[in-house]
Amino acid sequence: MTSSTRSRISKSRLAPFGFTPPDRRSATEFWVVRHGESTWNTEGRYQGQADVPLSHVGVLQAASLAERLTGQHFDAVYTSDLLRASQTAETVAERLEGAPTVRPDPGLREIDVGELSGLVIADIRERHPDYLEALKTDPWTTRRPGGESMKDLYTRSGAALDALRARHPGQRVLVFTHGGVVRVAVGLALGGVPANAWARLSVTNTSITRVLLGENSGTLLGFNDDAHLEDLIEATEADDVLGQTQ
């Protein structure tokens with residue numbers, strides 16, 4: 001088969017979709033992990049960028065993920081600089097091939113919930129009813145009181161992921177972060193996500209989402225894989241992004 005024939009076949013396979021996937025030689029494959037359950041997850045408190053540690057269950061979740069990824073190779077490991085993410089990252093990294101150094105990146109922090117930090121949903125309904133109504137109408141640009149909107153988070157953490165992509169072309173990178181940033185990674189892979197779809201992207205603690213990101217394209221390889229939690233009781237899904245409790 002000639003090279004021109006192979007080229008025509010390749011183009012014909014892509015034609016029905018009108019999409020050219022990222023070139024793996026230059027694109028970056030991200031494994032994006034949400035942190036383990038935190039103590040405020042357990043209490044049903046909004047946390048955002050509050051520096052809250054893992055709960056007992058969260059420690060077990062991180063250990064289960066570490067067991068699953070034991071011996072796996074990653075070219076680099078990054079984490080949000082918040083404690084619940086970095087604790088999860090350190091637990092896993094020591095079991096990876098070569099026990100790579102975990103590098104913190106504040107751009108990978110969760111959405112800033114501002115005045116909602118530390119509150120439970122009953123408090124928010126009482127103190128910030130206008131915010132909750134606005135969130136229902138416009139979940140994308142509505143800012144948490146004194147904090148960020150989902151659009152703000154997308155801009156901030158999207159820039160952080162893009163910088164990592166440029167730093168690690170053709171490599172596989174493990175990222176420990178938060179539910180909101182996992183959704184951003186999905187959006188980057190899909191070229192955006194419809195506003196009302198964000199609330200339907202359920203992200204459990206220590207789940208793995210895999211995306212391949214090129215300079216101008218992306219592909220979603222896997223989403224919310226939490227098979228390592230099958231023998232554990234809890235895998236918290238709710239979070240600050242969706243107007244529930246993280």
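In a model of this kind, a pocket is an open set of grid points with protein on both sides within 12 Å along at least five of seven lines, and its volume is the space filled by probe spheres set on those points. The structure shown in the views below is a predicted model.

**Overview of the chain, with eight helices and six strands.** Followed from the N terminus on, the elements of the chain come in the order α-β-α-α-β-α-β-α-α-α-β-α-β-β. The chain has 246 residues, and buried residues make up 48% of them. In the legends that follow, the reader can use the names of these helices and strands to find each close-up within the whole chain.

**Close-up of the second largest pocket, which holds about 210 Å³ of space.** This pocket is lined by 14 residues, and Leu188, Leu213, Gly214, Asn216 and Ser217 are the ones that lie nearest its centre. Helix H7 (150-167) and helix H8 (179-190) are the elements that give two or more residues to the lining. Sorted by class, the lining contains five nonpolar, six polar and three charged residues.

**Close-up of Gly158 in helix H7, shown together with Leu188.** Gly158 has a relative accessible area of 9%, and it counts as buried because this value is under 20%. Although Gly158 and Leu188 are 30 residues apart along the chain, their C-alpha atoms are separated by 7.4 Å. Leu188 is also one of the residues that lie nearest the centre of the second largest pocket.

**Close-up of His35 and Glu110, the two residues that UniProt lists under "active site" in an unreviewed entry.** These two residues span 76 residues in sequence, yet their C-alpha atoms are no more than 10.5 Å apart, so they gather at one spot. His35 is placed in the loop between strand S1 (28-34) and helix H2 (39-43), while Glu110 belongs to the loop between strand S3 (102-104) and helix H5 (121-127). His35 is buried, with a relative accessible area of 0%, and Glu110 is likewise buried, with a relative accessible area of 0%.

**Close-up of the residues that the UniProt annotation "binding site" covers, again from an unreviewed entry.** According to this record, the annotation takes in Arg34, His35, Gly36, Glu37, Ser38, Thr39, Trp40, Asn41 and Arg84. Glu37 is found in the loop between S1 and H2, where it is buried with a relative accessible area of 2%, and its side chain makes a polar contact of 2.5 Å with the side chain of Ser55. Arg84, by contrast, has its place in helix H4 (residues 83-93), and it is buried with a relative accessible area of 0%. The side chain of Arg84 is joined to that of His35 by a polar contact of 3.3 Å, and a polar atom of the Arg84 side chain also lies 2.6 Å from the backbone oxygen of Gly48.

**Close-up of Trp31 and Phe74, which form an edge-to-face aromatic pair.** A pair of aromatic rings is described by the distance of the centres and the angle of the planes. A search of the whole structure finds two aromatic pairs; in the one formed by Trp31 and Phe74, the distance is 5.2 Å centre to centre, and there are 80° between the planes. Trp31 lies in strand S1, whereas Phe74 lies in the loop between helix H3 (56-69) and strand S2 (76-79), so the pair ties together parts of the chain that are 43 residues apart in sequence. Trp31 and Phe74 are both buried.

**Close-up of Asp226, in the segment after strand S6 (218-225), shown together with Ser64.** Asp226 has a relative accessibility of 25% and therefore counts as partly exposed, since buried residues have a value under 20% and exposed residues a value over 50%. Asp226 and Ser64 are 162 residues apart in sequence, but from C-alpha to C-alpha they are 9.9 Å apart in space.

Note on methods:
Residues are numbered from 1 along each chain as its sequence is written. This is a predicted model: local features need pLDDT of at least 70, side-chain atom pairs count only at pLDDT 80 or more; totals for chains, interfaces and linings use all residues. Side-chain values use heavy atoms; hydrogens and water are left out. UniProt positions are given in the numbering used here, feature names are shortened, and annotations may be inferred rather than shown by experiment. Helices (H or I, at least four residues) and strands (E, at least two) are DSSP runs, numbered from the N terminus. Buried means under 20% relative accessible area, exposed over 50%, partly exposed in between (1.4 Å probe, protein chains only). A polar contact is a pair of N or O atoms within 3.5 Å; within protein, one must be able to donate a hydrogen and the other to accept it, and residues adjacent in sequence count only if both atoms are side-chain atoms. On a 1 Å grid over the protein atoms alone, a cavity is a set of points where a 1.4 Å probe fits but cannot get out, and a pocket is an open set with protein on both sides within 12 Å along at least five of seven lines; lining residues have an atom within 4 Å of a point. Ala, Val, Leu, Ile, Met, Phe, Trp, Tyr, Cys and Pro count as nonpolar, Asp, Glu, Lys and Arg as charged, and the others, Gly among them, as polar. Rings of Phe, Tyr and Trp (its six-membered ring) pair if their centres lie within 6.5 Å; planes under 30 degrees apart count as stacked, over 60 as edge-to-face and the rest as tilted.
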